[in-house]
Amino acid sequence: MKKLGIIGGLGPMATTYFLYLLTQMSLAEKDQEHMEILMHSKPSIPDRTRYILGLSLENPAPEMIKIGQELKSMGAELLAIPCITAHYFHDELEQGTGLKVVHAVKETGKYLQDEGIERVGILATDGTVKSRLFENVLSQYGITTVNPGEKSQRMVMDLIYRQIKSGEKGNLDQFTQVGEELFHAGAQVNLLGCTELSLLKRDYSLPAGFLDVLEVLAGCAVQECGRFDMRYRELITK
């Protein structure tokens, strides 16, 4: 099996949950059959959204590249970053580390295409939304996107930054309200496009039609490393 390296801490709780998903999705009957994982969790990496929006001059890419290089020197053969906004720097990270970095958004596009989904709603940070990360990638798979309105996007950011990142349990009613807006705008599936939002699926039973991009990332990482449990192929909530 390949050794997986994780650039973690963006944020810390999402990284912890990612480790749980990797273990859960692995086909293993004993400790020795699980993949080897090397991780550096560094929450002090500058905020990705603030940099993308031009609100900060602190570029997070050099720190992420440095960690990726360290993980490579320790034996990592594949990298994953449990932060969707950080995928804005994906190509730069691959070039700087010399390793493949699993692209959560591209893998989500492949999954949606296989499921026959043509239009999705995006629940993500302002940085991800303004960079058009999902739009640019998913269009390659024939998938169109719909974003929340301005007021609803503020609610999403409140969920991510003021609630979940600060250690609170996210407000499900607030989340559901934004999700319903996206469904009414024609979304067949809504994407949990921020790893903090993945914790809502961990903590609550979500309505039908949601796909957690972190679960897609975990599943693809496990497949790349060779021990994927096929029971986890169905990821869209029913």
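Student: Which residues lie nearest the centre of the largest cavity?

Tutor: Keep in mind that we're looking at a predicted model. The search over the whole structure turns up one cavity of 30 Å³ or more, and its volume comes to about 90 Å³. The lining is made of 16 residues, and those nearest the centre are Arg-48, Cys-83, Thr-85, Thr-125 and Lys-165.

Student: Okay, and which elements give two or more residues to that lining?

Tutor: By class, the lining of the largest cavity splits into six nonpolar, six polar and four charged residues. As for the elements that supply two or more of the lining residues, they are α2 (48-52) and α8 (150-164).

Student: Let's switch to the open sheet of four strands. Which are its edge strands?

Tutor: Start from the strand order, β5-β4-β6-β7, with parallel pairing. From one strand to the next, the twist averages 35 degrees. An edge strand pairs on one side only, and that picks out β5 (144-146) and β7 (210-212).

Student: What is the bridge partner of Leu-192 in β7?

Tutor: In general, strands of a sheet pair through backbone hydrogen bonds. Here β6 (residues 189-192) runs parallel to β7, and three bridges join the two. For Leu-192, the partner in β7 is Asp-212.

Student: And what angle does helix α11 make with the direction of β7?

Tutor: Helix α11 covers residues 213-225 and packs on the sheet. Its contacts there are with β6 and β7. Comparing its direction with that of β7 gives about 45 degrees.

Terms used
Residues numbered from 1 in each chain as written. Predicted model: local features only at pLDDT ≥ 70, side-chain atom pairs only at ≥ 80, totals over all residues. Heavy atoms only, no water. 1 Å grid on protein atoms, 1.4 Å probe; cavity = no way out; pocket = protein on both sides within 12 Å on 5 of 7 lines; lining within 4 Å. Points joined across faces, edges and corners; volume = space filled by probe spheres on them. Nonpolar A, V, L, I, M, F, W, Y, C, P; charged D, E, K, R; others polar. Pairing = 2+ DSSP bridges. Axes fitted to C-alpha atoms, helices over the stretch in contact; angles between N-to-C directions. Contact = heavy atoms within 4.5 Å.
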